[in-house]
Amino acid sequence: VRRTVLDGFAHQVAPFAHISSAVGADRAAGRNPLFQIMLTHQSHGNDEPLWLGQATATTELAPLGAVKTDLDLYLTDTTDGMSGTLSYATDLFDPATVARFVGVFRRVLEAIASFPDERVSGLDLLP
């Protein structure tokens, strides 16, 4: 790990175009060449401030009006479970498709929580 990190630091000035070319990612305007879906999980709840020495930090979600990826799923642990938001590229997905995705994703989370010792392949995940 140390060698990989040091190698990364040694090549940190490499242009992004060279990196995406080296991994064989196609470049297209308006698309991230490395990934299309982002999942962010914040285990520290929004309702509790995070103390950093004498400073406190709180999370406030701000609507951006645009997404950075095709699907951007943001999950936060709360005292009641988990909450989240999903932003998506409206030129690729319609509301019905996104609603179906959220339903299946919720079913996956519920199945994993209900049967934590079961292999994912053994869970009934599709509606």
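# A tour from the hairpin to helix α3

Start by selecting strands β4 (residues 71–78) and β5 (residues 81–88): they run antiparallel and are joined by 8 bridges. The model you are viewing is predicted. Show the link between the two strands. β4 and β5 make a hairpin, with 2 residues between them. For one rung of this ladder, pick Asp-72; its bridge partner in β5 is Ser-87.

**Zoom out to the whole chain**

Colour by secondary structure. The protein chain has 3 helices and 5 strands. Read from the N terminus, the order of elements is α-α-β-β-β-β-β-α. Now colour by accessibility. Of the 127 residues in the protein chain, 14% are buried. Turn on the surface: the chain exposes about 10100 Å², and carbon and sulfur atoms supply 57% of that area. For a contact map, take residue pairs at least 6 apart in sequence. Of those contacts, 38% join residues at least 24 apart.

**Add β1 to the selection**

Which strands make up the open sheet, and in what order? There are 3, ordered β1-β4-β5, with mixed pairing. β1 (37–42) and β5 stand at the edges with a single partner strand each, so one side of each has no neighbour in the sheet. Look along the sheet for its twist, which averages 15 degrees from one strand to the next.

Next, focus on β1 and β4. These two run parallel and are joined by 6 bridges. Select His-41 for an example: its bridge partner in β4 is Leu-75. Then bring in helix α3. It packs on the sheet and touches β4 and β5. The direction of α3 makes about 150 degrees with that of β5.

**Stop at Val-98**

Val-98 is found in helix α3. Is its side chain buried or exposed? Val-98 is buried, because its relative accessible area of 10% falls under the 20% cut-off. Show the residues around it. Leaving aside neighbours within four places in sequence, Val-98 is in contact with Leu-86, Tyr-88 and Phe-93. Draw a distance from Val-98 to Leu-86: their C-alpha atoms are separated by 8.5 Å, and the two residues are 12 apart along the chain.

**Move along α3 to the rings**

Select the aromatic side chains. How many aromatic pairs are there? The count comes to 1. The pair is Phe-101 with Phe-105, and it is stacked, with 6.1 Å from centre to centre and 10 degrees between the planes. The pair counts as stacked because 10 degrees is under the 30 degree limit. Both residues lie in helix α3 (residues 95–114), 4 residues apart, about one turn of the helix. Check their accessibility. Phe-101 is partly exposed at 32%. Phe-105 is also partly exposed, at 23%.

**Finish at the salt bridge**

Side chains of opposite charge can pair when their charged atoms come close. The structure holds 1 salt bridge. Select Arg-107 and Asp-124 to see it; the closest N and O atoms are 3.2 Å apart. Arg-107 lies in helix α3 and Asp-124 in the segment after α3, so the pair ties together parts 17 residues apart in sequence. Colour the two by accessibility once more. Arg-107 is partly exposed, with a relative accessible area of 29%, while Asp-124 counts as exposed at 57%.

How values were computed
Residues numbered from 1 in each chain as written. Predicted model: local features only at pLDDT ≥ 70, side-chain atom pairs only at ≥ 80, totals over all residues. Heavy atoms only, no water. Phe/Tyr/Trp six-rings, centres within 6.5 Å; stacked < 30°, edge-to-face > 60°. Buried < 20%, exposed > 50% of the residue type's maximum accessible area, 1.4 Å probe, protein only. Contact = heavy atoms within 4.5 Å. Areas by Shrake-Rupley, 256 points an atom, 1.4 Å probe, with all protein chains shown as cover. Pairing = 2+ DSSP bridges. Axes fitted to C-alpha atoms, helices over the stretch in contact; angles between N-to-C directions. Salt bridge = Lys/Arg side-chain N within 4 Å of Asp/Glu carboxyl O.
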